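Visitor: I'd like a close look at a single part, please: the nonpolar core. Start from the outside if that helps, and take your time.

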Amino acid sequence: VNTISDSSPLGDGHCSLREAINNANINGGPIDTTGGDCALGSSGSIIFSVSGKITLGSTLPAITNNFTIDGSGQNVTVDGASSFQVMTVNFGSTLNLKNLTIAHGNTSGNGGGVNNSGTLNVTNATFANNSALSGGGGIVNTGTLNVVNSTFSGNSASAGQGGAIYSNATVN
(Lines give C-alpha, C1' and ligand atoms only; values in the text may rest on other atoms or scores of the structure.)
Protein backbone atom coordinates (compact mmCIF):
# COMPACT_ATOMS: atom_id res chain seq x y z
CA VAL A 1 0.00 0.00 0.00
CA ASN A 2 1.57 3.25 -1.12
CA THR A 3 -1.27 5.75 -0.57
CA ILE A 4 -3.46 6.75 2.38
CA SER A 5 -6.33 7.43 -0.01
CA ASP A 6 -9.26 5.04 0.49
CA SER A 7 -9.42 4.42 -3.24
CA SER A 8 -7.67 5.57 -6.37
CA PRO A 9 -8.31 5.36 -10.10
CA LEU A 10 -7.27 2.11 -11.77
CA GLY A 11 -3.82 2.23 -13.31
CA ASP A 12 -2.68 5.41 -11.55
CA GLY A 13 0.26 3.73 -9.79
CA HIS A 14 -1.26 4.18 -6.32
CA CYS A 15 -2.14 1.01 -4.39
CA SER A 16 -4.82 1.69 -1.77
CA LEU A 17 -5.65 -0.69 1.08
CA ARG A 18 -9.02 -1.34 -0.56
CA GLU A 19 -7.33 -2.33 -3.84
CA ALA A 20 -4.75 -4.47 -2.04
CA ILE A 21 -7.49 -6.39 -0.19
CA ASN A 22 -9.35 -7.02 -3.45
CA ASN A 23 -6.21 -8.48 -5.00
CA ALA A 24 -5.29 -10.49 -1.87
CA ASN A 25 -8.77 -12.02 -1.93
CA ILE A 26 -7.97 -13.34 -5.43
CA ASN A 27 -4.92 -15.22 -4.04
CA GLY A 28 -2.64 -14.72 -7.01
CA GLY A 29 -5.34 -15.53 -9.54
CA PRO A 30 -5.26 -14.27 -13.09
CA ILE A 31 -7.45 -11.21 -12.46
CA ASP A 32 -5.86 -7.92 -11.36
CA THR A 33 -8.61 -5.66 -10.04
CA THR A 34 -6.34 -2.59 -9.82
CA GLY A 35 -5.04 -1.95 -13.33
CA GLY A 36 -1.54 -2.91 -12.21
CA ASP A 37 -1.50 -0.65 -9.13
CA CYS A 38 -1.09 -3.50 -6.59
CA ALA A 39 0.66 -6.83 -6.79
CA LEU A 40 -1.66 -9.81 -6.91
CA GLY A 41 -2.28 -11.54 -3.59
CA SER A 42 0.23 -14.37 -4.01
CA SER A 43 2.69 -12.99 -1.41
CA GLY A 44 0.22 -13.52 1.43
CA SER A 45 0.91 -10.07 2.92
CA ILE A 46 -0.26 -6.52 2.46
CA ILE A 47 2.46 -4.15 3.65
CA PHE A 48 2.58 -0.36 3.82
CA SER A 49 5.22 1.99 2.46
CA VAL A 50 3.39 5.04 3.87
CA SER A 51 2.18 6.25 7.25
CA GLY A 52 -1.05 8.10 7.92
CA LYS A 53 -4.79 7.80 8.40
CA ILE A 54 -6.89 6.00 5.81
CA THR A 55 -10.39 7.46 6.17
CA LEU A 56 -12.90 5.02 4.73
CA GLY A 57 -15.80 6.01 2.50
CA SER A 58 -17.42 2.60 3.01
CA THR A 59 -16.64 -0.70 4.72
CA LEU A 60 -13.55 -2.40 3.30
CA PRO A 61 -14.10 -5.50 1.12
CA ALA A 62 -14.83 -8.63 3.17
CA ILE A 63 -11.80 -10.83 3.79
CA THR A 64 -12.46 -14.00 1.79
CA ASN A 65 -8.96 -15.51 1.71
CA ASN A 66 -5.99 -16.05 4.06
CA PHE A 67 -3.48 -13.20 4.33
CA THR A 68 -1.78 -10.62 6.54
CA ILE A 69 -2.26 -6.86 6.75
CA ASP A 70 0.93 -5.53 8.35
CA GLY A 71 1.73 -1.92 9.21
CA SER A 72 5.21 -2.69 10.60
CA GLY A 73 7.62 0.22 10.25
CA GLN A 74 4.79 2.67 9.59
CA ASN A 75 2.14 4.44 11.66
CA VAL A 76 -1.15 3.45 9.99
CA THR A 77 -4.69 4.09 11.18
CA VAL A 78 -7.68 2.66 9.31
CA ASP A 79 -10.54 4.97 10.27
CA GLY A 80 -14.24 4.22 9.76
CA ALA A 81 -15.09 7.95 10.03
CA SER A 82 -17.63 7.07 12.77
CA SER A 83 -19.89 5.98 9.89
CA PHE A 84 -18.70 2.58 8.66
CA GLN A 85 -17.71 -0.80 10.05
CA VAL A 86 -14.01 -1.13 9.19
CA MET A 87 -13.87 -4.76 8.04
CA THR A 88 -15.35 -8.26 8.05
CA VAL A 89 -13.52 -11.59 8.10
CA ASN A 90 -15.67 -14.26 6.45
CA PHE A 91 -16.07 -17.85 7.66
CA GLY A 92 -13.23 -20.04 6.38
CA SER A 93 -10.85 -17.08 5.99
CA THR A 94 -7.88 -16.07 8.13
CA LEU A 95 -6.66 -12.51 8.65
CA ASN A 96 -3.46 -11.67 10.52
CA LEU A 97 -3.74 -8.02 11.54
CA LYS A 98 -0.43 -6.56 12.75
CA ASN A 99 0.86 -3.18 13.84
CA LEU A 100 -2.21 -1.13 12.87
CA THR A 101 -4.80 1.06 14.52
CA ILE A 102 -8.48 0.41 13.79
CA ALA A 103 -10.43 3.51 14.81
CA HIS A 104 -13.87 5.09 14.65
CA GLY A 105 -15.59 2.05 13.13
CA ASN A 106 -19.34 2.18 13.58
CA THR A 107 -22.19 -0.18 12.83
CA SER A 108 -25.86 -0.55 13.68
CA GLY A 109 -25.13 -4.28 14.08
CA ASN A 110 -22.14 -6.12 15.58
CA GLY A 111 -18.43 -5.34 15.37
CA GLY A 112 -17.75 -1.66 14.75
CA GLY A 113 -14.07 -2.34 14.12
CA VAL A 114 -14.05 -5.94 12.89
CA ASN A 115 -16.80 -8.52 12.50
CA ASN A 116 -14.99 -11.88 12.57
CA SER A 117 -16.57 -15.20 11.67
CA GLY A 118 -13.32 -16.75 10.40
CA THR A 119 -9.95 -16.67 12.15
CA LEU A 120 -8.58 -13.30 13.24
CA ASN A 121 -5.09 -12.98 14.71
CA VAL A 122 -4.43 -9.52 16.14
CA THR A 123 -0.85 -8.59 17.13
CA ASN A 124 0.48 -5.21 18.30
CA ALA A 125 -2.70 -3.45 17.22
CA THR A 126 -4.86 -0.73 18.70
CA PHE A 127 -8.66 -0.60 18.56
CA ALA A 128 -9.82 2.90 19.51
CA ASN A 129 -13.22 4.57 19.65
CA ASN A 130 -15.13 1.95 17.66
CA SER A 131 -18.84 1.46 18.34
CA ALA A 132 -21.62 -1.02 17.64
CA LEU A 133 -25.31 -0.84 18.38
CA SER A 134 -25.45 -4.54 19.28
CA GLY A 135 -22.18 -6.12 20.45
CA GLY A 136 -18.45 -5.85 20.06
CA GLY A 137 -17.57 -2.21 19.62
CA GLY A 138 -13.98 -3.14 18.74
CA ILE A 139 -14.40 -6.77 17.61
CA VAL A 140 -17.30 -9.18 17.48
CA ASN A 141 -16.15 -12.78 17.22
CA THR A 142 -18.12 -15.84 16.15
CA GLY A 143 -15.03 -17.68 14.85
CA THR A 144 -11.54 -17.89 16.34
CA LEU A 145 -9.85 -14.80 17.78
CA ASN A 146 -6.26 -14.54 19.03
CA VAL A 147 -5.13 -11.22 20.52
CA VAL A 148 -1.51 -10.53 21.50
CA ASN A 149 0.02 -7.31 22.88
CA SER A 150 -2.85 -5.10 21.71
CA THR A 151 -4.76 -2.15 23.17
CA PHE A 152 -8.51 -1.50 23.29
CA SER A 153 -9.57 2.02 24.30
CA GLY A 154 -12.82 3.97 24.11
CA ASN A 155 -14.78 1.24 22.30
CA SER A 156 -18.48 0.84 23.07
CA ALA A 157 -21.53 -1.31 22.41
CA SER A 158 -24.95 0.17 23.09
CA ALA A 159 -26.47 -3.19 24.00
CA GLY A 160 -23.76 -3.57 26.65
CA GLN A 161 -22.27 -6.65 24.99
CA GLY A 162 -18.53 -6.13 24.92
CA GLY A 163 -17.42 -2.60 24.27
CA ALA A 164 -13.98 -3.90 23.30
CA ILE A 165 -14.67 -7.54 22.35
CA TYR A 166 -17.83 -9.58 22.30
CA SER A 167 -17.41 -13.28 21.59
CA ASN A 168 -19.52 -16.38 21.62
CA ALA A 169 -16.67 -18.51 20.27
CA THR A 170 -12.93 -19.15 20.80
CA VAL A 171 -10.78 -16.31 22.12
CA ASN A 172 -7.12 -16.67 23.11
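Guide: Happy to, and let's begin at the surface. Accessible areas here come from the Shrake-Rupley method with a 1.4 Å probe. By that method the protein, which is a predicted model, exposes about 6900 Å², and carbon and sulfur atoms supply 47% of this area. Going inwards, 44% of the 172 residues are buried, where buried stands for under 20% relative accessible area.

A word on the frame around your core. The protein has 1 helix and 18 strands. Its radius of gyration is 15 Å, close to the 16 Å of the globule rule for 172 residues, so the protein is as compact as a globular protein of that length. The C-alpha trace spans about 45 × 30 × 30 Å along its principal axes. If you take contacts between residues at least 6 apart in sequence, 70% of them join residues at least 24 apart.

Now the core itself. In soluble globular proteins, nonpolar side chains tend to be buried together. Here the largest nonpolar core holds 31 residues, and L17, I46, I69, L95 and L120 have the most contacts inside it. Two or more residues come from each of α1 (17-26), β3 (66-70), β4 (76-79), β5, β6 (94-98) and β10 (119-123). The largest share, 4 residues, is given by α1.

L17 is a good place to pause. Beyond its neighbours within four places in sequence, L17 is in contact with V1, I46, F48, I54, L60, I69 and V78. Two of these partners, I46 and I69, are themselves among the residues with the most contacts inside the core.

From the core you can follow β5 into a sheet. This open sheet of 4 strands runs in the order β5-β9-β13-β17, with parallel pairing. β5 (87-89) and β17 (165-167) are the edge strands, each with a single partner, so one side of each has no neighbour in the sheet. From one strand to the next, the twist averages 10 degrees. Within the sheet, β9 (residues 114-116) and β13 (residues 139-141) pair in the parallel sense over 3 bridges, and V114 has I139 of β13 as its bridge partner.

One last stop, at β6, another contributor to the core. In the loop between β6 and β7 (101-103) sits N99. Most residues other than glycine have a negative phi. The phi of N99, however, is positive, near 55 degrees, and N99 is partly exposed, with a relative accessible area of 24%.

Key
Residues are numbered from 1 along each chain as its sequence is written. This is a predicted model: local features need pLDDT of at least 70, side-chain atom pairs count only at pLDDT 80 or more; totals for chains, interfaces and linings use all residues. Side-chain values use heavy atoms; hydrogens and water are left out. Two strands pair if DSSP finds at least two bridges between them. Axes are lines fitted to C-alpha atoms, for helices over the stretch in contact, and angles run from 0 to 180 degrees between N-to-C directions. A nonpolar core is a set of buried Ala, Val, Leu, Ile, Met, Phe, Trp, Tyr and Cys residues joined through side-chain atoms within 4.5 Å. Buried means under 20% relative accessible area, exposed over 50%, partly exposed in between (1.4 Å probe, protein chains only). Contact means heavy atoms within 4.5 Å. The radius of gyration is taken over C-alpha atoms; the globule rule is 2.2 Å times the number of residues to the power 0.38.
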